[in-house]
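Me: I should like to learn how to read the strands, the core and a helix of a protein model. Please take the features in turn.

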Amino acid sequence: MPRFSDKSISNLTTCDTRLQQVLLRVVHDFDCTILEGHRDRERQNRMVDEGKSRVRWPDGKHNTVPSRAVDVAAYPIVWDDRERQTLFAGFVLATAKAMGIELRWGGDWSMDFEVKDNRFDDLVHFEIVE
Ligand SMILES: [Zn+2]
């Protein structure tokens, strides 16, 4: 049964407990790596400058304490495998839904289950909807 690395656990503990609960369940069946939870001002604004995020600090969901967003990738990571990350996202979203937690994925910001109309892909990003 897959489990998180120490680094993944360390990143995940900066996240809202609902995100922790969902990902701890997901990793049992679908191995994955927690890339990032909370993001501080310097890093958030650098991500915007690099075109990797659209919102400056403190408006991002990664900027709250605890973080209301998590970046997580199927493991082993293959960055250009959109199909696999999409399968993983479906697994994460369904797991969360079954636990009564609504998440939004960066491959479907509009939450309409259409993945080809997404204008800003952030395929590792999941955030709590509230
Ligand atoms: Zn993110």
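Me: How many bridges join β2 to strand β4?

Reply: Strands (E, at least two residues) and helices (H or I, at least four) are DSSP runs numbered from the N terminus, and two strands pair if DSSP finds at least two bridges between them. Here three bridges join β2 to β4 (residues 122-128), and the two run antiparallel. Valine 70 stands opposite phenylalanine 126 in β4. This is a predicted model: local features need pLDDT of at least 70, side-chain atom pairs count only at pLDDT 80 or more, and totals for chains, interfaces and linings use all residues. Residues are numbered from 1 along each chain as its sequence is written.

Me: Which strand pairs with β2 over four bridges?

Reply: That is β1 (residues 32-36), again in the antiparallel sense. Threonine 33 stands opposite alanine 73 in β2.

Me: How many residues of β2 are buried?

Reply: A residue is buried if 20 or more other C-beta atoms, placed from the backbone, lie within 10 Å of its own, exposed if 12 or fewer, and partly exposed in between. In β2 (residues 69-74), five of the six residues are buried.

Me: Where do the buried residues of α2 lie around the axis?

Reply: The arc is taken from the directions from the helix axis to the C-beta atoms. The buried residues of α2 are Leu19, Val22, Leu23, Val26 and Val27. They lie on the same side of α2, because they cover an arc of only 130 degrees around the axis. The face turned away from this buried side carries the exposed residues Thr17 and His28.
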